[in-house]
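Here are some exercises to work through with the model open beside you. Try each task before reading its solution.

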Amino acid sequence: CSPFRIPIARLAAAQAETASAIEWLAAVPGDRFLDLCCGAGRHSFWLKKAGFELISLDLSRDLLAEARRSLGPEAVLVQSDIRSLPLPTASIDHVAMFFTSFGYLPTDEENLEVLKEVARVVRVGGGFLLDLPDRDSVIASLIATSHRSQGDLHIDESRSITADGKRVEKQVTLSRDGNERCYTESVRLYDFAELNALLLASGWECSRVYGNWNGDRYLAANSKRMIVVARRAG
């Protein structure tokens, strides 16, 4: 299969991130691996090459179509809401949620239900990697506005932190040939104590936390990422 619909720089970064995820989860070829919120499949591409029995799942039909082009006709792609996974109980060895794909639901209760549903489909002792931004670093380095173009598509973005400091919100305007489309993204910013409480409440035990994909120790307010590796409790 060809990766060339995925930008080369992003594909190279995904290769390194996937290698770290495999090492930290102690996953081995043949394991059943779920790439949850897989998007266009840039991590799935490398997970497939590593020899896993791979399921790539996302809500977006368009992104799954892009993933199909990169992963090939034999890839197992599933369109689903992450709150109700169409998978049997204890049928998965490892799950990864790369690149801030958790926290989009409006309440902590709904996000907790996601973690419980992921725990349902993972066997006891199985692994879960959750890649999130560090809350304090996001707040400190927030870029209020940005503008970029992709060909004839113009993208304007504005960002803000909610008054309670718990969410980052991004307003996006897409413009092309005089037509505009606007949408808003809102993501929960968890500190480690909050996230760990949710993991414990949903059947997970945190084993390690990294501050970047190089494997450096996580330090709140000093790390760009908060990459949690957890195990399914018995």
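**Exercise 1.** Decide whether R135 is buried or exposed, and find the residues that R135 touches.

*Solution.* Start with accessibility: R135 counts as buried because its relative accessibility is 15%, where buried means under 20% relative accessible area, exposed over 50% and partly exposed in between, with a 1.4 Å probe and protein chains only. This is a predicted model, in which local features need pLDDT of at least 70 and side-chain atom pairs count only at pLDDT 80 or more, while totals for chains, interfaces and linings use all residues. Residues are numbered from 1 along each chain as its sequence is written, and side-chain values use heavy atoms, with hydrogens and water left out.

Next, place the residue: R135 lies in helix α5, residues 135-140. (Helices are DSSP runs of H or I with at least four residues, strands are runs of E with at least two, and both are numbered from the N terminus.)

Then list the contacts (heavy atoms within 4.5 Å). Leaving aside residues up to four places away in sequence, R135 touches D164, G165, K166, R188, L189, Y190, D191 and E194. With E194 there is also a side-chain polar contact of 3.1 Å; such a contact is a pair of N or O atoms within 3.5 Å, and within protein one must be able to donate a hydrogen and the other to accept it, with residues adjacent in sequence counting only if both atoms are side-chain atoms.

**Exercise 2.** Work out the strand order of the open sheet of 7 strands, and explain why β3 and β10 each have one side without a neighbour.

*Solution.* Pair the strands, requiring at least two DSSP bridges between them. β1 (32-36) runs parallel to β2 (53-58) over 5 bridges, with D35 partnered by S56. β2 and β3 are also parallel, over 4 bridges, and I55 faces V76.

Chaining the pairs gives β3-β2-β1-β4-β5-β11-β10, with mixed pairing. β3 (76-79) and β10 (204-210) are at the edges, each with a single partner strand, so one side of each lacks a neighbour in the sheet.

**Exercise 3.** How many disulfides does the structure hold, and is C38 buried or exposed?

*Solution.* Look for cysteine sulfur atoms within 2.5 Å of each other: the structure holds 0 disulfides. For C38, the nearest cysteine sulfur belongs to C37, 8.1 Å away. Finally, compare accessibility: C38 is buried at 8%, whereas C182 is exposed at 56%.
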